[in-house]
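Ready for a few exercises in reading a protein structure? Take a look at the sequence and the model first, then work through each task.

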Amino acid sequence: MDINKFIINRPTLYHLTNENNLPIILKHGRIYSTNSLIEMSSNLDYYPIKRQRRPNHITIDVNGDMISIRDQRPISEKALQKCLTNNWTCADFYEFLNNRVFTWPTLDRLHRHYERYKNENPIIIALDTALLFETNPNPLFSRLNSGATRANSYLGGVPPSRGKETFLPAHLYENTITSVAEVTFEHELRLPENIVVMNFDTGHKTRLSVK
């Protein structure tokens with residue numbers, strides 16, 4: 001996939017998070033993966049979370065900052081066991097997911113994710129794709145919603161396979177731009193100097209400076 005064509009066709013990437021996380025994101029100028037936050041906390045009690053499915057939202061204390069992390073309820077462990085590659089266990093895949101920061105490349109994709117959490121009034125951060133790739137030069141692309149294990153009738157009722165090849169750099173991603181479901185970043189997502197926070201329902205946008 002031509003990454004420059006992706007930037008032209010997908011000029012904005014969207015990240016959804018709990019509204020309580022926004023001041024912390026602005027303070028650090030970064031969005032951290034779950035595993036990175038756990039390591040930053042230095043609290044060994046959190047470490048099992050890296051390799052476990054989260055049935056509910058959790059809050060972790062990172063040096064006095066209380067950070068909300070979303071659940072992983074769309075993952076059915078029974079279904080996940082049927083579609084893993086690389087001889088992975090479910091725990092391996094959870095750790096793989098928890099190493100990443102996730103963004104959505106279209107409003108349609110964002111809306112599907114947003115609908116699950118809209119009653120919580122989540123924050124949506126809209127990011128300029130070109131600036132984001134300039135700041136974070138190693139984006140990885142996925143053709144599926146990696147955190148949902150929906151059965152696929154074309155695959156005999158088994159979800160699409162997932163493993164090490166779930167997230168690929170642009171030069172190895174052989175599907176179309178329109179097929180990209182997620183754009184992810186390992187460990188952390190460094191933010192440009194300015195971001196836009198938007199309300200999905202009203203369309204209102206607020207430009208904020210990152211410290």
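**Exercise 1.** Is Ser 41 buried or exposed?

*Solution.* Some ground rules come first. This is a predicted model, in which local features need pLDDT of at least 70, side-chain atom pairs count only at pLDDT 80 or more, and totals for chains, interfaces and linings use all residues. Residues are numbered from 1 along each chain as its sequence is written, and side-chain values use heavy atoms, with hydrogens and water left out.

Step 1: recall the cut-offs: buried means under 20% relative accessible area, exposed over 50%, and partly exposed in between (1.4 Å probe, protein chains only).
Step 2: the relative accessible area of Ser 41 is 11%, so this residue is buried.
Step 3: place Ser 41 in helix H3 (residues 34–41); helices (H or I, at least four residues) and strands (E, at least two) are DSSP runs, numbered from the N terminus.
Step 4: look for its contacts, meaning heavy atoms within 4.5 Å. Leaving aside neighbours within four places in sequence, Ser 41 touches Tyr 46, Asp 61 and Val 62.

**Exercise 2.** Find where Asn 86 and His 187 sit, and describe their phi angles and exposure.

*Solution.* Step 1: Asn 86 belongs to the loop between helix H4 (77–83) and helix H5 (90–98). His 187 is in the loop between strand S8 (182–186) and strand S9 (188–190).
Step 2: Asn 86 is not a glycine, yet has a positive phi of about 65°. For His 187, also a residue other than glycine, phi is positive and near 75°.
Step 3: Asn 86 has a relative accessible area of 30%, so it is partly exposed. His 187, at 42% relative accessibility, counts as partly exposed.

**Exercise 3.** Which residues have the most contacts inside the largest nonpolar core?

*Solution.* Step 1: a nonpolar core is a set of buried Ala, Val, Leu, Ile, Met, Phe, Trp, Tyr and Cys residues joined through side-chain atoms within 4.5 Å.
Step 2: the largest one has 25 residues, and Phe 6 and Phe 141 have the most contacts inside it.
Step 3: at least two residues of this core come from each of H2, strand S6 (123–128), helix H7 (129–135), S8 and strand S10 (194–198).
Step 4: not counting residues up to four places away in sequence, the contacts of Phe 6 include Leu 13, Phe 133, Phe 141 and Val 183.
Step 5: apart from the largest core lies another, of 12 residues, including Trp 88 and Phe 93.
Step 6: for background, nonpolar side chains tend to be buried together in soluble globular proteins.
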